[in-house]
Amino acid sequence: MHEGVCNHFSYAVDDKTFLINPQGIHWLELVPSDIVTVDAGGNRIAGNRAVEPTAFFIHSRIHRAKPSARCIMHAHMPYATALSLLEGGRLEWCSQNAVRFYGRTAYDSVYNGLALDDAEGDRICAALAKADVLFMANHGVLVCGDSIANVFDDLYYLERAAMMQVLAQSTGGKLRIVPDSVAAQTAQQHAQERQQSALHLEALKRRLDQTDPGWSQR
């Protein structure tokens, strides 16, 4: 889910400040003490490192305008991003992983280069008005939600859904689309099974405890 030292995840501490990963730290070396606290004005409240500018302009505007977006994760995942490169590219309701996002997904069809000002951050935020998953044209994807576990789990399964779709389409065959009524019902079933998201994150933390003991104390 990383690309070099790029991609950014954030979490709102309150209505004025949020946590975000710093600029220039590879995800394999990132530890809790590297996390930076910033306010909506871009001022560093805590932490010793800088924040990548596009990360600030995207995340700060969404946190400010969308209180339900307690956590925001933006990534350039290969298969999900591939869908954003296609003219009219959409996540199709063709797999169980895909239909969990039914009624939650939006598409930004404009690419304006790097997000280096409030106006671009606001434009991206506006596309999320009625969604919590955004495919960003020629760029990547953004997922937001009320908890780290839920957003991470969504980001993980969004890439899996896109991967299966791209693989299926590469055969040249026709996708078997799930009817809207069944997709909506299944999305609701997924929403009622959110304990799976917390269990997923806890499992990954256990693996970290085994492969990198003491990671959470650094």
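This report walks through the aromatic pairs, cores, open spaces and a few individual residues of a predicted model.

## Aromatic pairs

Let's start with the rings. The model holds 5 aromatic pairs. One of them joins Y107 and F135, whose rings are stacked, with 5.2 Å from centre to centre and 15 degrees between the planes. These two residues come from distant parts of the chain: Y107 belongs to strand β6 (residues 105-108) and F135 to strand β7 (residues 133-136), 28 residues apart. The partners also differ in how much surface they show. Y107 is partly exposed, with a relative accessible area of 26%, whereas F135 is buried at 3% relative accessibility.

Another of the pairs is made by Y156 and Y157, and here the arrangement is edge-to-face, with centres 4.8 Å apart and 85 degrees between the planes. Y156 has a relative accessible area of 29%, so this tyrosine is partly exposed. Y157 is partly exposed as well, at 26%.

Y107 has a further partner to look at. The charged end of R90 sits over the Y107 ring, 4.0 Å from the ring centre.

## The nonpolar cores

The largest nonpolar core has 24 residues, and those that touch the most other members are M73, L91, W93, F135, V141, L155 and L158. F135 will be familiar from its stacked pair with Y107. At least two residues of this core come from each of β5 (71-75), α2 (78-84), α3 (96-99), β7, β8 (140-145) and α5 (148-170). The biggest contribution is that of α5, with 6 residues.

M73 is a good residue to click on here. Leaving out residues up to four places away in sequence, M73 touches H8, F9, V141, L142, V143, I148, V151, F152 and L155. There is also a second, separate core of 14 residues, and among its members are A115, C125, M136 and L142.

## The largest pocket

How much space lies in the largest pocket? The volume is about 1,300 Å³. Its lining is made of 28 residues, and F9, W27, L30, F152 and L208 lie nearest the centre. Two of these names, F9 and F152, also appear among the contacts of M73.

Several elements share the work of lining this pocket: β1 (8-12), β2 (17-20), β5, α5 and α7 (195-211) each supply at least two residues. The most come from α7, which gives 6 residues.

## The cavity and V110

Searching the whole structure turns up 1 cavity of 30 Å³ or more. The largest cavity holds about 60 Å³ of space. Its lining consists of D108, V110, Y111, N112, G113, E120, R123, I124, M136, A137 and H139. Helix α4 provides the largest share of that lining, 3 residues. M136 is also listed in the second core.

V110, one of the lining residues, is found in the loop between β6 and α4 (118-126). With 39% relative accessibility, V110 is partly exposed. Beyond its neighbours within four places in sequence, V110 is in contact with R123 and A137, both of which line the largest cavity too. V110 and H139 are 29 residues apart along the chain, and their C-alpha atoms are 9.9 Å apart in space.

## H190 and its sequence-distant contacts

Where is H190 placed? This histidine is in helix α6 (residues 180-191), and it is partly exposed at 24% relative accessibility. Apart from neighbours within four places in sequence, H190 is in contact with Q96 and R100. The C-alpha atoms of H190 and R100 are 5.9 Å apart, although the two residues are separated by 90 places in sequence.

## Two asparagines with positive phi

As background for the backbone, most residues other than glycine have a negative phi. N7 is not a glycine, yet its phi is positive, about 80 degrees. N7 lies in the segment before β1 and is buried, at 3% relative accessibility.

N138 also has a positive phi without being a glycine, in this case about 60 degrees. N138 is located in the loop between β7 and β8. Is N138 buried or partly exposed? Its relative accessibility is 46%, so N138 counts as partly exposed.

Conventions
Residues numbered from 1 in each chain as written. Predicted model: local features only at pLDDT ≥ 70, side-chain atom pairs only at ≥ 80, totals over all residues. Heavy atoms only, no water. Phe/Tyr/Trp six-rings, centres within 6.5 Å; stacked < 30°, edge-to-face > 60°. Helix = DSSP H or I, 4+ residues; strand = E, 2+ residues; numbered from the N terminus. Buried < 20%, exposed > 50% of the residue type's maximum accessible area, 1.4 Å probe, protein only. Lys NZ or Arg CZ within 6 Å of the ring centre and 35° of its normal. Core = buried A, V, L, I, M, F, W, Y, C linked by side-chain atoms within 4.5 Å. Contact = heavy atoms within 4.5 Å. 1 Å grid on protein atoms, 1.4 Å probe; cavity = no way out; pocket = protein on both sides within 12 Å on 5 of 7 lines; lining within 4 Å. Points joined across faces, edges and corners; volume = space filled by probe spheres on them.
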